[in-house]
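User: Could you zoom in on one strand for me? I'd like to know how its side chains are arranged and what sits beside it.

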Amino acid sequence: MKLPHHPSKTIFSFIFIFLLPSSISSQICQRSCGKFPLKFPFGSDLGCGDLRFHQYVSCSQGNLMFTTHTGSYPVTNIDYTNKVMYISDPSMSTCSCTQPSKGFGLDWDAPFSFQDDNIFALLDCSTSSSPIFQSNTLYTDKNNNSKVSLCDNQGTSICSFLYSCRAISTINLPISTCCVYTPVDLGPAFNMDLQKLQCSSYSGFYSFNERQSDPNSWKYGIALKYKFSVNNEYPSSCPNCERSNGICGYYSGGAYNSFLCNCPNGINTTNDCYFGANYNYGSRLSSWQIGTWLFYCLACLLISVW
């Protein structure tokens, strides 16, 4: 026997199905990128994490990458407690490999800075024409006077250890061509231009690994500090979102500071994933949220009984 057809049921079902995707979608923000857990301020996609970090840190095919105007670099570790991100530069020379490099730089407006433990050693620099070995004309004060040398006089031992590495010693470079670069922030432009400095390569490391005389054991790479804001304060809405199994993000089509909590059930809220309620402050669901859920419940009930 054929069941009677109800036109009103068909219309109502169509309206329900049409409206549902506009309010509910899958959770786009991922909790990890490859082996790295992703936490605020970093995110896997547009709308995840902090907008200011999106253009610099991205997840591509399971690889977490850091990008500046000088290139893209693999992220090797993130210390969320101390707010430090570690990266490697494939063009950097180490004790096991030496190769030409153009240098490294940070975008001046990026929310990153160099950690104090970073040490940069410029390699194979021209002793006759490089500005690091003569009066400094790259950086002058307001009276147009040359500033101090760009090399750290205490870095001679570091150069000696580096030049004892087999990969570097085979080139037979004199230690005088090595310079431990003292502008930790790479000058006012946050940029180490090896072509301008007339050096062929550089080495960078952030820890002697308790073996200062053994360059094979040093931790090569670059350590970058990051800040949430000017005051470096964790967003007040983010802990509530994370405790409710949500992922902190932002509304990509809205205001710069508009916060969103991306929930596993596909709903974005402005506070947490307890259906929008912030239990820590005893707030309740807003009227439009109550009305929306009542509408869906009523629609499901009517469809099931027709």
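Analyst: Here's a close look at strand E4 and the two strands that pair with it. Just so you know, this is a predicted model, where local features need pLDDT of at least 70 and side-chain atom pairs count only at pLDDT 80 or more, while totals for chains, interfaces and linings use all residues. Residues are numbered from 1 along each chain as its sequence is written, and side-chain values use heavy atoms, with hydrogens and water left out.

E4 covers residues 63-68 (strands are DSSP runs of E, at least two residues, numbered from the N terminus). Its side chains alternate. One face carries Leu-64, Phe-66 and Thr-68, which are buried (under 20% relative accessible area, 1.4 Å probe, protein chains only). Asn-63, Met-65 and Thr-67 point to the other face, and they aren't buried.

Now for the neighbours. Strand E3, residues 57-60, pairs with E4 in the antiparallel sense over 4 bridges (two strands pair if DSSP finds at least two bridges between them). Ser-60 has Asn-63 of E4 as its bridge partner, and Asn-63 belongs to the face that isn't buried. E3 and E4 make a hairpin with 2 residues between the strands, and in that hairpin Gln-61 takes a positive phi near 55°.

Then there's strand E5, residues 71-79, which runs antiparallel to E4 and is joined to E4 by 4 bridges. Here Thr-68, from the buried set, has Gly-71 of E5 as its bridge partner. E4 and E5 also form a hairpin, with 2 residues between them.

Note on methods: Buried means under 20% relative accessible area, exposed over 50%, partly exposed in between (1.4 Å probe, protein chains only).
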